[in-house]
Amino acid sequence: MPTPYSSELSLALCTIHRASLLTKAVLRSLSNNVGAETKADNTPVTVADFAAQALIINAIHAVYPSDKFVGEESAAQLRANEQLAERVWQFVRRAGESGQSEPELAAGSGDLQHVRDHKGATEQTALAFPKSRNEMLDVIDLGTGESLREGRVWVLDPVDGTATFMEGKQYAVCLSLLVDGVQQVGVTGCPNLKFDPSGNLGSARIHEDQVDADGHGVVLSAVRGQGTYVRSMQSSGFGEARRIQHQNSGKELSALDFVESTLGKTSLSQDEHRAVAERLGANWPGTVLWSQQIKYAALTLGATDVMVRIPKDKSRYTFVWDHSGGMLLFQEAGGIIKDFNGGDIDCGYGRKLLGDRNFGMIAAMPWVFDKVAEAVNEVLNTRTR
């Protein structure tokens, strides 16, 4: 009997695989480094964003036509720029021509809910691709939805980490399914991440320069209540899936690795992040990664231990596609994510995660979560009232 959301998960895996290949094709068309191309309305990252969003939404919409979508892009820029629209269309068209069947799933995979229940995974039915440039534009515009509280809504970020994508470093291709505002499925492709899924989880670190230049990285996936899995991505499909289950650690607090955004490039209060780490005797910064979804992947893989997000005030907000899905990956691997009041992060409120609804964030494993939360509260209490 199929497990809950097995069909959605299998389709999401196949879709993220195709979108990951597309983004890598954009990178490789410029020798894995796109920083030299700077024209504002025609950069490779813009092309990759639009093309991947079109591919992802079209594939899901063809199977679940009543579902809604929330994505970062609309097609307005493409409708106003025929040259850019044509460039995006050529990448989408070529992806459709090369994607004649769904990617192969490794025989004997342990995560049965990931591989066998979506009919496309067994019948090798091709994913649906837009048939024309105009259809592509209409599909992109399906991602302009606002409401996430009711019904089935797919949240996507076709290229999370645009700045590092442009440098040929780490970025993520993300898709999640919310049902009545709650994350149920999350799939995150990390096409540039050189990481061995069969290695010793918890011992390997992740860096911006740890690039899988010749391969296609890894993909992480989760269904609520069913665990998190990681597998390699190849051009033809996936490697063997491995479940990620972290146990309580005997690590000293002074050895904690705090994942941090590029220093000086965020509006979060990094001085207070440092103060939290220092109260626990840990060095700061630990792992430095730009993409928010890659941070969740690093936490999930055990490549880092703690993430704190301390806003300077409650007016700060972030976007739901920077967090949805990634949070589920970490939680299903055993992690805890809460705001500073101990509340769950509300993905159902809308396109923005608002500071007056969820102020701040702590992500850590259970054995250390309370200690980090205590340190955060101590630091916040030193603020001038």
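Me: Which elements are included in what covers the buried residues of α8?

Reply: This is a predicted model, in which local features need pLDDT of at least 70, side-chain atom pairs count only at pLDDT 80 or more, and totals for chains, interfaces and linings use all residues. Residues are numbered from 1 along each chain as its sequence is written, and side-chain values use heavy atoms, leaving out hydrogens and water. Helices (H or I, at least four residues) and strands (E, at least two) are DSSP runs numbered from the N terminus, and contact means heavy atoms within 4.5 Å. On these terms, what covers the buried residues of α8 includes β9 (306-309) and α11 (366-380).

Me: How wide an arc do the buried residues of α8 cover around the axis?

Reply: Buried means under 20% relative accessible area (exposed over 50%, partly exposed in between; 1.4 Å probe, protein chains only), and in α8 (residues 270-279) this holds for Gln-270, Glu-272, His-273, Val-276 and Ala-277. They lie on the same side of α8 because the arc, taken from the directions from the helix axis to the C-beta atoms, is only 155°.

Me: Which residue in β5 is the bridge partner of Thr-188?

Reply: Strand β4 (residues 182-190) has eight of its nine residues buried. Strands pair if DSSP finds at least two bridges between them; β4 pairs antiparallel with β3 (residues 172-179) over seven bridges, and six bridges join β4 to the antiparallel β5 (residues 218-223). Across the β3 pairing, Leu-175 stands opposite Val-187. In β5, the partner of Thr-188 is Leu-220.
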